[in-house]
Protein chains: 2
Amino acid sequence: MESKYDSLTLKNQLCFPIYLCSKEIIHKYTPLLEKLDLTYTQYIVMMYFWEKHSSNVKELSQALLLDSGTLTPLLKKLEKKGYITRVRSTKDERNLEVTITEKGINLKEKALAIPDSMAKCIDLSDKEIEMLYSLIYKVLLNVLKEEK
Amino acid sequence: MESKYDSLTLKNQLCFPIYLCSKEIIHKYTPLLEKLDLTYTQYIVMMYFWEKHSSNVKELSQALLLDSGTLTPLLKKLEKKGYITRVRSTKDERNLEVTITEKGINLKEKALAIPDSMAKCIDLSDKEIEMLYSLIYKVLLNVLKEEK
DNA sequence: TCCTTTTCGTTTGTATACAATTTAATTTTA
DNA sequence: TAAAATTAAATTGTATACAAACGAAAAGGA
């Protein structure tokens, strides 16, 4: 039965399942990350530092699409755990130099098992993963177009 | 250059872009929903009530995969806006009967333009949407498997 | 150089999210 | 039927998220 309200039904939403998917995957990550004393967002930030040992809030914010208001308290928590250091730049006092510590680097070893464990849970073929990745990325770029 | 840490790089993450996609789509919704005095989650809840005029917290929680701790304050806000009513069931006082109001029903008219507006922003072909929907749904079901 | 503007990060306020606990009501069981 | 177990929703505590306002520092311009 057709109705002009069809586009307002839950089953016709595309964003809602994406939102649920994100939420439930993160939920699956949680027990794995607890062993590293990390939340999902903290894990993403640490992943950034495993690739690039030093950064600042602005760079992180642009790379991870996270607000500085989200990053400031999060980085303080990571500092408290001893995974990073936060120091004002001497060259430009506005900048905060964030650097991974030895302890933070070593954490990568403990994280090695996580991606496999998650892949098993998501349970898609390589082809499906590739397809999903490219579609999601396309949407992301479209949504980000003409802003930011 | 291959490394045993490849699976821990940001560009090899599948969940991260899904998470960003969800976040950024919701961000796109925000100005549209402001005209209805709704947040995204509140919009989802209202969408549920546009299809089924009455429910309770448990049913909502199962249908929308939202915790009662999330729903309780959210429903109180929707009640305050006059879109729903919250009344304890007389048959079983543990249950909270949540019902959409006339004002809540009328809100659907104002929401009619939103899906088109969002579709334009997401900008995928019908085929791509179908593909993305089915892949996301598959992941969601896999992740939910053997829990909940 | 002094003033305006911009930039960077922090803070404040609002809204999710969920785990864990609590409270009240109902159901089950001994 | 009285006690134990279960259920439903609310509460508490922690962690995002982001908008908007703020403060300090640096850059740019007159």
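User: What makes up the surface near DNA strand C, by residue class?

Analyst: In this predicted model, that surface divides into six nonpolar, 11 polar and 12 charged residues. Asp, Glu, Lys and Arg are the residues that count as charged.

User: How many residues surround DNA strand C, and which are the closest?

Analyst: There are 29 residues around DNA strand C. The closest are Y19(A), H27(A), S68(A), T72(A) and Q42(B). To be near the strand, a residue needs a heavy atom within 4 Å of it.

User: Which part of DNA strand C faces the protein, sugar and phosphate or bases?

Analyst: Of the strand C atoms within 4 Å of the protein, 84% belong to sugar or phosphate. The rest belong to bases.

User: How do you know that T72(A) makes a polar contact with DNA strand C?

Analyst: A polar side-chain atom of T72(A) is 2.5 Å from a phosphate oxygen of the strand. The cut-off is 3.5 Å between N or O atoms, so the pair is a polar contact. R88(A) places a side-chain N or O atom 3.0 Å from a sugar or linking oxygen of strand C. L96(A) uses a backbone N or O atom, 3.1 Å from a phosphate oxygen of strand C. Elements giving two or more residues to this surface are α1 (15–34), α3 (57–64), α4 (68–80) and β2 (84–88) of chain A. Chain B adds α2 (40–51) and α4 (68–80).

User: What makes K58(B) a polar contact of DNA strand D?

Analyst: A polar backbone atom of K58(B) lies 2.5 Å from a phosphate oxygen of strand D. The limit is 3.5 Å, so the pair qualifies. T72(B) has a polar side-chain atom 2.6 Å from a phosphate oxygen of strand D. For K76(B), a side-chain N or O atom is 2.8 Å from a phosphate oxygen of the strand. The elements with two or more residues at this surface are α2 and α4 of chain A, with α1 (15–34), α3 (57–64), α4 and β2 (84–88) of chain B.

User: Which residues come nearest to DNA strand D?

Analyst: T39(A), Q42(A), Y19(B), K58(B) and T72(B) do, out of 29 residues around the strand. Of the strand D atoms within 4 Å of the protein, 85% are sugar or phosphate atoms.

User: Why are the two copies described as related by a two-fold rotation axis?

Analyst: Chain B superposes on chain A by a rotation of 180° with 0.0 Å of shift along the axis, at RMSD 0.0 Å. The copies are therefore related as by a two-fold rotation axis. The same surface serves both: 100% of the contact residues of chain B recur in chain A.

User: Why is D37(A) called partly exposed?

Analyst: D37(A) has 40% relative accessibility. Partly exposed runs between under 20% (buried) and over 50% (exposed), so D37(A) belongs there. D37(A) sits in the loop between α1 and α2 (40–51) of chain A. Its phi is positive, about 60°, although D37(A) is not a glycine.

User: What makes L65(A) buried?

Analyst: The relative accessible area of L65(A) is 18%. Buried means under 20%, so L65(A) qualifies. L65(A) is in the loop between α3 and α4 of chain A. L65(A) also has a positive phi, about 55°, without being a glycine.

User: What makes that phi sign notable?

Analyst: Most residues other than glycine have a negative phi.

User: Why is S55(A) called buried?

Analyst: S55(A) has 6% relative accessibility, under the 20% limit, so S55(A) is buried. S55(A) lies in strand β1 (residues 54–55) of chain A. Its side chain makes a polar contact with the side chain of E59(A), at 2.8 Å. Beyond four places in sequence, S55(A) touches Y48(A), F49(A), L60(A), L96(A), E97(A) and V98(A).

User: How do you know that L32(B) is buried?

Analyst: The value for L32(B) is 19%, and buried means under 20%, so L32(B) is buried. L32(B) is in helix α1 of chain B. Leaving aside neighbours within four places, L32(B) contacts I114(B), S117(B) and M118(B). L32(B) and S117(B) are 85 residues apart in sequence, yet 8.6 Å apart in space, C-alpha to C-alpha.

User: How does the span of helix α7 (residues 126–144) of chain B compare with the expected value?

Analyst: This helix has 19 residues and reaches 27 Å from its first C-alpha to its last. That is close to the 27 Å expected at 1.5 Å a residue. The buried residues of α7(B) include L132(B), L135(B), I136(B) and V139(B). The buried residues of α7(B) pack against α1, α6 (114–122) and α7 (126–144) of chain A, together with α1 of chain B.

Definitions and conventions
Residues numbered from 1 in each chain as written. Chains lettered and ligands numbered in written order. Predicted model: local features only at pLDDT ≥ 70, side-chain atom pairs only at ≥ 80, totals over all residues. Heavy atoms only, no water. Polar contact = N/O pair within 3.5 Å; in protein donor to acceptor, adjacent residues only side chain to side chain. Helix = DSSP H or I, 4+ residues; strand = E, 2+ residues; numbered from the N terminus. Buried < 20%, exposed > 50% of the residue type's maximum accessible area, 1.4 Å probe, protein only. Least-squares fit on C-alpha atoms with pLDDT ≥ 70 in both. Contact = heavy atoms within 4.5 Å. Expected span 1.5 Å × (residues − 1).
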